[in-house]
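Work through the exercises below with the sequence and the model open. Each task is followed by a solution in steps.

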Amino acid sequence: MGNRFKSSLEGEPVPHEYRDVRRTEGVQSQEDVQSNIIQFDKCLEFLEKAGKTYTSPKFRIWPEDHLIIFKLLVYFYQDKPNAEKHGIDLHKGILLTGPVGCGKTSLMTILRFMLAPKEQYIIKSARDITLEFIQDGYPIINKYSKASFHQISGELTPKAYCFDDLGVESNIKYYGNETNVMAEILLSRYDMFIGQHMLTHATTNLSASEIENCYGNRVRSRMREMFNLITFENAKDKRC
Ligand SMILES: Nc1ncnc2c1ncn2[C@@H]1O[C@H](COP(=O)(O)OP(=O)(O)OP(=O)(O)O)[C@@H](O)[C@H]1O
Ligand SMILES: [Mg+2]
């Protein structure tokens, strides 16, 4: 086990084989986190090690976050019975929301290491994309939407992105330009989601009505169709 973690963290085989084991053992006893597909205790162990390596040495798994982590694993490991039980649509992306500092970015960063390379998404902050747009203009919108493909075994495959901290970029002013960069990217990715099954994930502190204020009701309506909403309720700021 130790070796498997080690090699995974060094970028060799990722522990996507954790999805194939029959039953959750030990640690978890709650009904809500039982799975025939996911070894939840082993996943938590892996995530804690990955968190310490890639986010902060102080990283640990908080018991109050177990259910959120479980739902994310259900989604990424395509656990159909639990997806149904928890109202997760396996064809949509993930919108991870919650208060400042609850651990959204850290979790999306380390969950990537549990996925096979072709399933991994790219994390990109909404702020950085907006700054790229200010620098390079409209091609940036295509870069993150219509032109967001990579070649895998000779085939063009849609690139999945996780847009980190949606909404914080909206207060960046770019003079003489009214384009709402992330709104345009989300609208285009919605079309690509419908046509090509291009997946998008995101993290945000915003509520649904704040998203609408930021991006307008056309984006909000499409986001409902593109994302499963997974929320940290009343979580503490882990920066303290
Ligand atoms: N499970 C954890 N254990 C210990 N520290 C954590 C944990 N999760 C996150 N942190 C730490 O808490 C801080 C905030 O985490 P993170 O940036 O992931 O939160 P966030 O929800 O994305 O915040 P924001 O809303 O500001 O973007 C970071 O310093 C991170 O290292
Ligand atoms: Mg964040």
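**Exercise 1. Classify the shell around ligand 1.**

Task: sort the residues around ligand 1 by class, then find which residues come nearest and which helix gives the most.

Solution. The model is predicted. By class, the shell around ligand 1 holds four nonpolar, nine polar and six charged residues. The shell has 19 residues, and those that come nearest to the ligand are Ser 56, Gly 103, Thr 105, Ser 106 and Lys 238. The element that gives the most to this shell is helix H5 (residues 104-111), with three residues.

**Exercise 2. Describe the overall fold in numbers.**

Task: state how many helices and strands the protein has, what share of its residues is buried, and what share of the contacts joins residues at least 24 apart.

Solution. The protein has ten helices and seven strands. Of its 240 residues, 35% are buried. For the contacts, take residue pairs at least 6 apart in sequence; 70% of these contacts join residues at least 24 apart.

**Exercise 3. Locate the largest nonpolar core and follow helix H3 into it.**

Task: give the number of residues in the largest nonpolar core, name the residues with the most contacts inside it, and describe how helix H3 is covered.

Solution. The largest nonpolar core has 55 residues. Inside it, Cys 43, Leu 72, Leu 73, Met 182 and Leu 186 have the most contacts. Helix H3 (residues 66-76) supplies the largest share of this core, eight residues.

Next, go through H3 by burial. Nine of its eleven residues are buried, so the helix is mostly covered. The buried residues are Ile 68, Ile 69, Phe 70, Lys 71, Leu 72, Leu 73, Val 74, Tyr 75 and Phe 76; Lys 71, one of them, is in the charged class. The partners against which the buried residues pack are helix H2 (40-54), helix H4 (80-85), strand E1 (93-97), H5 and E7.

Then take one residue as a sample. With neighbours within four places in sequence left aside, Leu 72 is in contact with Ile 94, Leu 107, Leu 111 and Ile 230.

**Exercise 4. Determine how helices H9 and H10 are arranged.**

Task: find the axis distance and the crossing angle of H9 and H10, classify the angle, and sort the contact residues.

Solution. The axes of helix H9 (residues 208-215) and helix H10 (residues 217-226) come within 7 Å and cross at roughly 135°. An angle of this value makes H9 oblique to H10, because angles over 145 degrees would be needed for roughly antiparallel. On the H9 side the contact is formed by Ala 208, Ile 211, Glu 212 and Tyr 215, and on the H10 side by Asn 217, Val 219, Arg 220 and Met 223. Sorted by class, the residues of this contact are five nonpolar, one polar and two charged.

**Exercise 5. Examine residues with positive phi.**

Task: for His 197 and Asn 234, give the phi angle, the location and the exposure.

Solution. His 197 is not a glycine, yet its phi is positive, about 55°. His 197 sits in the loop between helix H8 (181-196) and strand E6 (200-204). With 11 other C-beta atoms within 10 Å, His 197 is exposed, because 12 or fewer is the limit for that label.

Asn 234 is not a glycine either, and its phi is positive, about 50°. Asn 234 lies in the segment after strand E7 (227-231). Asn 234 has 9 other C-beta atoms within 10 Å and is therefore exposed.

A further positive phi, near 55°, belongs to Gln 78, which follows H3.

**Exercise 6. Compare sequence separation with distance in space.**

Task: for Ile 152, Gln 196 and Asp 89, find the exposure and one C-alpha distance each.

Solution. Ile 152 is in strand E3 (residues 149-152). It counts as exposed, with 10 C-beta neighbours inside 10 Å. Ile 152 and Lys 118 are 34 residues apart along the chain, and their C-alpha atoms are separated by 7.9 Å. Not counting residues up to four places away in sequence, Ile 152 touches Lys 118 and Thr 157.

Gln 196 is in helix H8 and is partly exposed, with 15 other C-beta atoms within 10 Å. Its C-alpha atom and that of Thr 157, 39 residues apart along the chain, are separated by 8.9 Å.

Asp 89 lies in the loop between H4 and E1. Its 13 other C-beta atoms within 10 Å make Asp 89 partly exposed. From Asp 89 to Gln 78 the separation is eleven residues in sequence and 9.5 Å in space, C-alpha to C-alpha.

Conventions. Residues numbered from 1 in each chain as written. Chains lettered and ligands numbered in written order. Predicted model: local features only at pLDDT ≥ 70, side-chain atom pairs only at ≥ 80, totals over all residues. Near = placed C-beta within 6 Å. Helix = DSSP H or I, 4+ residues; strand = E, 2+ residues; numbered from the N terminus. Axes fitted to C-alpha atoms, helices over the stretch in contact; angles between N-to-C directions. Parallel < 35°, antiparallel > 145°, perpendicular 65-115°, else oblique. Contact = placed C-beta atoms within 7 Å. Core = buried A, V, L, I, M, F, W, Y, C linked by C-beta atoms within 7 Å. Buried ≥ 20, exposed ≤ 12 C-beta atoms within 10 Å, placed from the backbone.
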